[in-house]
Each structure stands twice: as structure tokens, then as C-alpha cells.
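Work through the exercises below with the structure in view, and try each task before you read its solution.

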Amino acid sequence: MTTILHISSSARTEGSVSRQLTRRLIDRFPEGSTVIERDLAVGVPQLTDVHIAAGFTPAEDRTDEQNELLAVGAEFIDELRRADVVVIGAPIYNFGPPAELKAWVDHVSRSGVTFRVDDSGFHGLLGDRSTYVVYASGGVPAGSEADFVTPWIKTALGLLGIESVEVVAADALTVDDQALAVAEQKVDSLVLQ
Ligand SMILES: Cc1cc2nc3c(=O)[nH]c(=O)nc-3n(C[C@H](O)[C@H](O)[C@H](O)COP(=O)(O)O)c2cc1C
């Protein structure tokens, strides 16, 4: 059976378009699929000096504090590894992603764990998997010059080896009263892999 990792990052728990659409998308998977719920809006610790140093300290030399700080990312990475499919709700907040989604990327991007670097460049270590990103915006069209969210999330996932990323855009919601209906249709017509 399929295991789906559902990542929510809208601060809104009521009336969130990205939450509504990611739920709609997940409901299209066969009954009995396992869904791992990861709601980042409850808070994600930001990286600190100690945390970054911990990542570069050999496992056997880490302090308890360092291990505790790395455990957050270790759990996020484990969820990604278990997932056949990843579904991410990604609203735009002030031209970027919500801070919690950025922090999640900071936690899962671990040199030597989820990617490695050599003379030929960066190599993702997670392996590809089907990923759906639901982008929601009040005004900024997906793919426009001011959309830094969708290219950013694709690049960040690409670092880990996740290349199969499909974006569903519920964009310009405050100026286009058809935008939500169009996004719902897109969700309903996706060929799920
Ligand atoms: C704090 C905040 C910042 C926002 N910044 C932008 C923005 O820079 N550009 C934009 O087009 N919409 C912006 N919006 C509108 C949201 O992207 C839009 O309401 C979207 O639907 C939010 O996702 P949600 O419905 O899942 O909560 C912002 C909304 C909030 C709450």
C-alpha cells in the first residue's frame, strides 16, 4: 500500500486553501493508504549555531544537546524515507515560503545524510518519489517573476534527489474568483503516481 507524507505549512487551520487542496489530493489515493501527517504550523525549531556544529560532529562525539537538536531533522528525514508519495502545502508569505517550511528544508538538507557533494557536484541520497506541491497565493501567479516559492521548493527537493515534482497552483486567489475552481479541477485530473 502507498505511504503518503502530508506536509502542511499554512499558519491557518481554518479556511486554508493549501490544506483544503492537499487533503482533496490525498483523498484521491486508494482507501487504506497510510498517511503520515506532518503539520509544520505547530512550530519547527530554527537552526542554531549549536545545531549546525552538531551536523558536522562525528556521531560518536556528539553531546546529548547536539543529539537532541538533530533528532528533529532525523524524524523529518525518516518520514521522507518512508514515503512513496509526498504532498506539500506551500502558501506564499511575503514572497517566500512560510518560515516553518523553510525550517523543515533546513532540517532535512543534511550533507552526508540526504545529499553528498563531490568534484562533480551535488548528489541526492533520498531517491526520487512522486511529489505534489500545492502552491497558494493571494496575488502572485505561479511561475511569475515574483514567485520564489515554486522554484525554491523544486530546487530544495532536487538537492535530496526528488525530481518528480508536480505543482498545483491555487494562485492569485484574491484577484481571480475562478482560481480555486481551476486548482480543484487540476487536483481531480492529476494522474496519480
Ligand atoms: C502573512 C501572509 C503573507 C502573505 N504574503 C503574500 C505574498 O507575498 N504574495 C501573495 O500573492 N499572497 C500573499 N499572501 C496571501 C496568501 O498566500 C494566500 O492567502 C494563501 O491562500 C495562503 O495559503 P492558505 O490559504 O493555505 O493559508 C500572504 C498571506 C499571509 C497570511
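**Exercise 1.** Decide whether Leu47 is buried, partly exposed or exposed.

Solution. Start from the classes: buried means under 20% relative accessible area, exposed means over 50%, and partly exposed lies in between, with a 1.4 Å probe and protein chains only. Leu47 has a relative accessibility of 33%, and therefore counts as partly exposed. Next, locate Leu47, which sits in the loop between strand S2 (34-39) and helix H2 (49-55); helices (H or I, at least four residues) and strands (E, at least two) are DSSP runs, numbered from the N terminus. Finally, Leu47 joins Ile52 and Phe56 in a nonpolar surface patch, whose accessible area is about 320 Å² together. Such a patch takes residues with over 30% relative accessible area and no salt bridge, joining nonpolar side chains (Val, Leu, Ile, Met, Phe, Trp, Tyr) within 5 Å and like charges within 9 Å, and the areas come from the Shrake-Rupley method with a 1.4 Å probe, where for residues only the protein chains shown count as cover.

Before going on, note that this is a predicted model, in which local features need pLDDT of at least 70 and side-chain atom pairs count only at pLDDT 80 or more, while totals for chains, interfaces and linings use all residues. Residues are numbered from 1 along each chain as its sequence is written, and side-chain values use heavy atoms, leaving out hydrogens and water.

**Exercise 2.** Find which parts of the chain the salt bridge between Arg38 and Glu75 ties together.

Solution. A salt bridge places a side-chain nitrogen of Lys or Arg within 4 Å of a carboxyl oxygen of Asp or Glu, and for Arg38 and Glu75 the N to O distance is 3.2 Å. Because Arg38 lies in strand S2 and Glu75 in helix H3, the pair ties together parts that are 37 residues apart in sequence. As for accessibility, Arg38 counts as buried at 18%, whereas Glu75, at 45%, counts as partly exposed.

**Exercise 3.** Describe the salt bridge between Arg19 and Asp39.

Solution. The side chains of Arg19 and Asp39 meet at 2.9 Å, N to O. This pair links helix H1 (residues 17-26), which holds Arg19, to strand S2, which holds Asp39, and the two residues are 20 residues apart. Arg19 is buried at 16% relative accessibility, while Asp39, at 26%, is partly exposed.

**Exercise 4.** Name the residues that touch the most other members of the largest nonpolar core.

Solution. A nonpolar core is a set of buried Ala, Val, Leu, Ile, Met, Phe, Trp, Tyr and Cys residues joined through side-chain atoms within 4.5 Å. Here the largest one has 30 residues, and those touching the most other members are Ile7, Leu80, Ile88, Leu101 and Trp104.
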